Amino acid sequence: DQTGFDNPQEAQQQQQQQQHFHQGGGNPFGGGNPFGFGGGQQQRPQPKSPLESVSSGNIKAFLSDAVEKKKAVLLIFATDGHSLVSAIAKFKNMEELKGAKLGHVICPDSPAAQANHVLMKKYKVKKLPTIFFSTRGEPSALRRFQGKPEAEFIEKALLIAIRSTSKREKKQETKISGKNLITKIQQESHLQACLEFRGVCVLMFQKDEMVGRRNKNQVEGGPHVKLFGQLAENIVKGKTTKKLQVAFYWLDSNQFPKVAHYFAVHDDP
């Protein structure tokens, strides 16, 4: 008997106890925990979406993949298990929607957590669910879906996004320059246009003798007109509303003496 016990039955029982002891990680109750709790606190299972899960950590890769494969994008912001997510997941089996990449940003349930959610803040998502689309022409340019958040309408919008392969032309910003904002009044029609302007018309008077000798680097009208142009530029850039229109004119008092006399203009510009 290799067990060291005379009684075979007693030896077998001892072996079973030793095996049970070692399987329990040194604890006769098993699992390395004398209270049988499985050796630690159970972790909450991660939410799983039927769509590709998108987060702040992988959204760039998600959109880059759409650009590379020239696919339209549907990105839904919704809580875990939302019924609309399940409805959209059915799009994956529809042949006409194969040209789309479907993603789900899983949002928390509590308003406090939603307020601190990185992607919800970035895309200014205030209510759930919210859907963004992009076209095949511009997969990375996400646009908010304004229609009804129902599968029927979302499907139609996605079909349009898949068929659209054009790119929006980028609007070139017009550089505001003071010298392009001001106009010299050289005839009475210009003056009439200023007086009849539906907005604010700023009119500057000056005399030619104030200009002095002009060189290549001087603007027409001399330093006073240059300052007037800078003033016009500052006013236009500082406007807080596009509805207010402002026009800027200047004239030579010697050329229009009656106008200068009417406005009681003196020698100073």
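**Threonine 79.** I looked up threonine 79 in this predicted model and found it in strand E2, which covers residues 72–79. I then asked whether threonine 79 is buried or exposed. Its relative accessible area is 17%, so I entered threonine 79 as buried, the cut-off for that class being under 20%. Leaving out residues up to four places away in sequence, I listed the contacts of threonine 79 as His104, Cys107, Pro108, Asp109 and Leu128.

**The sheet.** I next traced the sheet to which E2 belongs: an open sheet of five strands, in the order E1-E3-E2-E4-E5 and with mixed pairing. I noted that strand E1 (52–53) and strand E5 (143–144) are at the edges. Each of these has a single partner strand, so one side of each lacks a neighbour in the sheet.

**E2 and E4.** I examined the pairing of E2 with strand E4 (residues 130–134), which is antiparallel and runs over five bridges. Which residue in E4 is the bridge partner of phenylalanine 77? I recorded threonine 130.

**Helix H6 on the sheet.** I located helix H6 at residues 151–163 and found that it packs on the sheet. H6 touches E2, strand E3 (100–107) and E4. I noted an angle of about 20° between the direction of H6 and that of E4.

**Serine 86.** I turned last to serine 86, which I found in helix H3 (residues 83–89). With a relative accessible area of 41%, serine 86 is partly exposed. I also checked serine 86 against alanine 151: the two are 65 residues apart in sequence, and their C-alpha atoms are 9.7 Å apart in space.

Notes. Residues are numbered from 1 along each chain as its sequence is written. This is a predicted model: local features need pLDDT of at least 70, side-chain atom pairs count only at pLDDT 80 or more; totals for chains, interfaces and linings use all residues. Side-chain values use heavy atoms; hydrogens and water are left out. Helices (H or I, at least four residues) and strands (E, at least two) are DSSP runs, numbered from the N terminus. Buried means under 20% relative accessible area, exposed over 50%, partly exposed in between (1.4 Å probe, protein chains only). Contact means heavy atoms within 4.5 Å. Two strands pair if DSSP finds at least two bridges between them. Axes are lines fitted to C-alpha atoms, for helices over the stretch in contact, and angles run from 0 to 180 degrees between N-to-C directions.
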